[in-house]
Amino acid sequence: MILISSEVVDKYRDARRYLHQEFSVSGLNAIHGYLWMAGRVDGFRPLHWQRMMKRDIVIVEDPGLHLLWYDSTIFVKPLPVCLLDYNFFNTHICPHHTLFTAVCGFLRSYALLIRHESDFRIAHNLGLLPQDMTWIQWGEFAYHISNIPLSDVNERFQYGELRLSRVNLIYNFFRCRPWYYKIHRDYQSWFSYELGFMLVVFAYVSVVMSALQVMLTTPFISLEVSILCYWASIATTLVIVAVFAWQFVGIVFIYCFSCFRALW
């Protein structure tokens, strides 16, 4: 299959710049050492499995969001037609090692996303593949890209699907940024998400504290257990105060960060 690639070069006048915008995953490479917290090595699952798990497949053009998921949504970047042009690939991608490994990882992810004809139909309906591509053509193309070894792909693509909430948490703790990609677009949904977790913690703590209180009212309680309950109650109170203080500081930080970005 021969697809036009010169139009891309003419439009951007710099194919390398265009390809960098299309396939750069530097944001995820920066936290590669922590990605094990957000996903599994080579953890790619086909499109029919995503539908089976009731996930909404959302089209994105940002390569940094490719195969990131949260709740019942997973982001997938469409396959650019220029990657199907051998001459374009050989001329503009192969000479640059960083770009080459990123594109190879991206292509390999597609070979693992579309493994069956049912996956191919889903991809066609969503516009992930060129509409004139047939299942036979895809099978021939996928046969070659599926043989790309894991060691030859970009660090990000050594991992499959990544949980976006954990990627945000990694950025929060290890990069001192409030998020990698903002999931919640308003404070109401953000508070609902954060306070939901806090209510669960509060419920568990309340049950434990009630149990300790009942223990202290019994006449068979020993002095050692009474002391233990006393210190446990103090420790629990300090933890609750620390968690709420952390949440308050987080809210203030995110609000100031959002205002700063809006102004500058």
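Helices (H or I, at least four residues) and strands (E, at least two) are DSSP runs, numbered from the N terminus. The structure above is a predicted model.

## Exercise 1: The nonpolar patch

Find the residues that make the nonpolar surface patch of about 700 Å², and say which helix gives the largest share.

**Solution.**
Step 1. List the members. They are Tyr 34, Trp 36, Leu 169, Phe 173, Phe 174 and Trp 246.
Step 2. Look for a shared element. Helix α9 spans residues 164-174. This helix supplies three residues, the largest share of the patch.
Step 3. Place Tyr 34. This residue sits in the loop between α3 (26-29) and α4 (47-52).
Step 4. Check the cover on Tyr 34. A patch residue needs over 30% relative accessible area. Tyr 34 has 31%, which counts as partly exposed.

## Exercise 2: The sheet

Work out the strand order of the open sheet, and name its edge strands.

**Solution.**
Step 1. Recall how strands are held. Pairing in a sheet runs through backbone hydrogen bonds, and can be parallel or antiparallel.
Step 2. Read the order. The four strands lie as β1-β3-β2-β4, and the pairing is mixed.
Step 3. Find the edges. β1 (56-59) and β4 (162-163) each pair on one side only, which makes them the edge strands.
Step 4. Zoom in on one pair. Strand β2 (residues 68-70) runs parallel to β4, and two bridges join them.
Step 5. Name a bridge. Trp 69 has Arg 163 of β4 as its bridge partner.

## Exercise 3: Salt bridges of Glu 161

Which side chains meet Glu 161 in a salt bridge? Say where each partner lies in the chain.

**Solution.**
Step 1. Start with the total. The model has five salt bridges.
Step 2. Take Arg 45. Its side chain meets that of Glu 161 at 2.9 Å, N to O. Arg 45 is in the loop between α3 and α4, and Glu 161 is in the loop between α8 (135-145) and β4, so this pair ties together parts 116 residues apart in sequence.
Step 3. Take Arg 55. Its side chain also forms a salt bridge with Glu 161, at 3.0 Å, N to O. Arg 55 belongs to the loop between α4 and β1, and this pair links parts of the chain 106 residues apart.
Step 4. Sort the three residues by accessibility. Glu 161 is buried at 3%. Arg 55 is buried at 9%. Arg 45 is partly exposed at 25%.

## Exercise 4: A salt-bridge network

Which residues are joined with Lys 77 into one network of salt bridges?

**Solution.**
Step 1. Find a partner. Lys 77 forms a salt bridge with Glu 61, and their closest N and O atoms are 3.3 Å apart.
Step 2. Place both ends. Glu 61 lies in the loop between β1 and β2, and Lys 77 lies in the loop between β3 (73-76) and α5 (86-93), so the pair ties together parts 16 residues apart in sequence.
Step 3. Check the accessibility of Lys 77. At 0% relative accessible area, Lys 77 is buried.
Step 4. Extend the group. Salt bridges with shared partners join Glu 22, Glu 61 and Lys 77 into one network.

## Exercise 5: Cysteines

How many disulfides does the whole structure have?

**Solution.**
Step 1. Recall the bond. A disulfide links the sulfur atoms of two cysteines covalently.
Step 2. Search the structure. The count is zero.
Step 3. Test Cys 94. The nearest cysteine sulfur belongs to Cys 104, 7.3 Å away. The cut-off is 2.5 Å. Cys 94 is therefore in no disulfide.
Step 4. Add the accessibility. Cys 94 is partly exposed, at 32%. Cys 82 is buried, at 1%.

## Exercise 6: Contacts across the sequence

Is Thr 101 buried or exposed? Which residues does Thr 101 touch, and which does Phe 253 touch, beyond four places in sequence?

**Solution.**
Step 1. Locate Thr 101. This residue is in helix α6 (residues 97-113).
Step 2. Judge its cover. Buried means under 20%. Thr 101 has 10%, so this residue is buried.
Step 3. List its contacts. They are Asp 152, Val 153 and Asn 154.
Step 4. Move to Phe 253, in helix α11 (residues 223-263). Phe 253 is partly exposed, at 39%.
Step 5. List its contacts. Phe 253 touches Cys 176 and Pro 178.
Step 6. Compare chain and space. Phe 253 and Pro 178 are 75 residues apart along the chain, with 7.8 Å between their C-alpha atoms.

Definitions and conventions:
Residues are numbered from 1 along each chain as its sequence is written. This is a predicted model: local features need pLDDT of at least 70, side-chain atom pairs count only at pLDDT 80 or more; totals for chains, interfaces and linings use all residues. Side-chain values use heavy atoms; hydrogens and water are left out. Two strands pair if DSSP finds at least two bridges between them. Patches are made of residues with over 30% relative accessible area and no salt bridge: like charges are joined within 9 Å, nonpolar side chains (Val, Leu, Ile, Met, Phe, Trp, Tyr) within 5 Å. Accessible areas come from the Shrake-Rupley method with a 1.4 Å probe; for residues, only the protein chains shown count as cover. A salt bridge is a side-chain nitrogen of Lys or Arg within 4 Å of a carboxyl oxygen of Asp or Glu. Buried means under 20% relative accessible area, exposed over 50%, partly exposed in between (1.4 Å probe, protein chains only). Contact means heavy atoms within 4.5 Å.
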